[in-house]
Amino acid sequence: MPMLTAESITKQYGEHKVLKNVSFQVNKGTCMAIIGPNGSGKSTLLKMISGLLPPTAGEVKFENKNILHQKQKSIARKMAVLSQDGLPASPISVFDTVLMGRYPHLKWYQREREHDIQLVNDVLELTGLSHLKDQLLDTLSGGEKQRVAIAKAMVQEPEILLLDEPTTFLDIGHQVNVLELVKRWQHQTGLTVVMVLHDLNLAAQYSDELILLNHGVIEKVGTSEEVIQKDILQKVYETVPEIVRHPKNQVPQILLTSS
Ligand SMILES: Nc1ncnc2c1ncn2[C@@H]1O[C@H](COP(=O)(O)OP(=O)(O)OP(=O)(O)O)[C@@H](O)[C@H]1O
């Protein structure tokens, strides 16, 4: 059964149709990347599948029920969302920020339990943040803050993780680091992942399936083999890419040159 389904969703602002009749499904345990040029509708689509933005027409179903008809807290017990804006720059410690990820699992009157504290400590260790646990969020580097956002999502113990551009502002080492972390987490727990990525090479490497958006419509859905093709990318990105195979795993990768 699909975990998440988009059924003919359209989003319109005034005359501008940002998404037009977009349909797809995400199966449990898979990692899907949404790719496409600037302004093609990727972030808008992610906001709609996380229930943050209602579609103008069509429906998003989470576990077979319209996402807009489900309580926010019950969704938060199963879904973690990392938006493009990341975490707000506030003077809160790394530990307390990550602990906030447990709130969907606590009743309003309940204080965090021993188990919650233990989980936060375990996740801080796993994400290489233990040494920063008392540091304030607004003093961290971009890469550290991104890892804190991921740690907060991890302690939420979601079944599905939605990420908008998780690698923005990260150097290549940290880009791979963050995506490896998510991949390991996916394989260990059967997590379902949907992420917006600009970098087509990383998308091809780290996702099971790609959705290529072009001016608000789906140009192509499929594996990296099916989507990372010269003619398709040339049409959508209006540039002429060279497709090569990664020497380590044969995944299609893109080289850019002037024509
Ligand atoms: N609230 C809004 N009001 C009007 N237009 C909007 C609004 N939000 C988004 N848009 C428009 O929708 C289009 C798609 O935006 P979106 O942010 O989804 O694209 P994107 O593919 O994520 O782009 P990028 O790669 O540049 O981040 C853009 O043309 C944008 O200007």
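Strand 9 (residues 209-214) and strand 10 run antiparallel and are joined by five bridges. One pair to look for is Leu-210, whose bridge partner in strand 10 is Gly-222. Two residues sit between these strands in a hairpin, and His-215 in the turn has a positive phi of about 50 degrees. Keep in mind that this is a predicted model.

Now zoom out from that hairpin. Strands 9 and 10 belong to an open sheet of six strands, ordered 6-7-8-3-9-10, with mixed pairing. Its edges are strand 6 (79-82) and strand 10 (217-222), each of which pairs on one side only. On average, neighbouring strands of this sheet are turned by 15 degrees against each other, direction ignored. At the strand 6 end, strand 6 pairs with strand 7 (residues 160-164) in the parallel sense, over four bridges. There, Val-81 stands opposite Leu-162 in strand 7.

The other sheet is open too: four strands in the order 2-1-4-5, with antiparallel pairing. Strand 2 (16-27) and strand 5 (65-66) are the edge strands, and each pairs on one side only. Helix 1 packs on this sheet and touches strand 1 (2-13), strand 2 and strand 4; the direction of helix 1 makes about 125 degrees with that of strand 1. On the strand 5 side, two bridges join strand 4 (residues 57-62) to strand 5, and the two run antiparallel. Lys-61 stands opposite Asn-66 in strand 5.

At the strand 2 side there is another hairpin, made by strand 1 and strand 2 with two residues between them; Gly-14 in its turn has a positive phi of about 60 degrees. Strand 1 and strand 2 run antiparallel and share eight bridges. Ile-9 has Val-22 in strand 2 as its bridge partner.

Here are the strand pairs side by side:

| Strand pair | Sense | Bridges |
|---|---|---|
| Strand 1 and strand 2 | antiparallel | eight bridges |
| Strand 4 and strand 5 | antiparallel | two bridges |
| Strand 6 and strand 7 | parallel | four bridges |
| Strand 9 and strand 10 | antiparallel | five bridges |

As a quick reminder on sheets in general, strands pair through backbone hydrogen bonds, either parallel or antiparallel.

Next, the ligand. Which residues surround the ligand? The ligand's surroundings are Tyr-13, Val-18, Gly-36, Asn-38, Gly-39, Ser-40, Gly-41, Lys-42, Ser-43 and Thr-44. Helix 1 (residues 42-49) gives the largest share of that shell, with three residues. By type, the shell holds two nonpolar residues, seven polar ones and one charged.

On to the helices. The axes of helix 4 (residues 114-126) and helix 5 (residues 142-155) come within 10 Å and cross at roughly 140 degrees. That angle is why helix 4 counts as oblique to helix 5. The crossing of helix 4 past helix 5 is right-handed. What meets what here? From helix 4 come Leu-119, Val-120, Val-123 and Leu-124, and they meet Ala-151, Met-154 and Val-155 in helix 5. The residues of this contact split into seven nonpolar, no polar and no charged.

Helix 5 has a second partner. Helix 5 and helix 6 (residues 172-189) pack at an angle of about 10 degrees, with their axes 11 Å apart. Because of that angle, helix 5 is roughly parallel to helix 6. On the helix 5 side you'll find Gly-143, Gln-146, Arg-147, Ile-150 and Met-154, which meet His-174, Val-178, Leu-181 and Trp-185 in helix 6. The residues of this contact come out as five nonpolar, three polar and one charged. Met-154 is worth finding on screen: it is listed in the contact with helix 4, and it also appears in the contact with helix 6.

Technical notes:
Residues numbered from 1 in each chain as written. Predicted model: local features only at pLDDT ≥ 70, side-chain atom pairs only at ≥ 80, totals over all residues. Pairing = 2+ DSSP bridges. Axes fitted to C-alpha atoms, helices over the stretch in contact; angles between N-to-C directions. Near = placed C-beta within 6 Å. Nonpolar A, V, L, I, M, F, W, Y, C, P; charged D, E, K, R; others polar. Parallel < 35°, antiparallel > 145°, perpendicular 65-115°, else oblique. Left-handed = near helix turned anticlockwise from the far one by under 90°. Contact = placed C-beta atoms within 7 Å.
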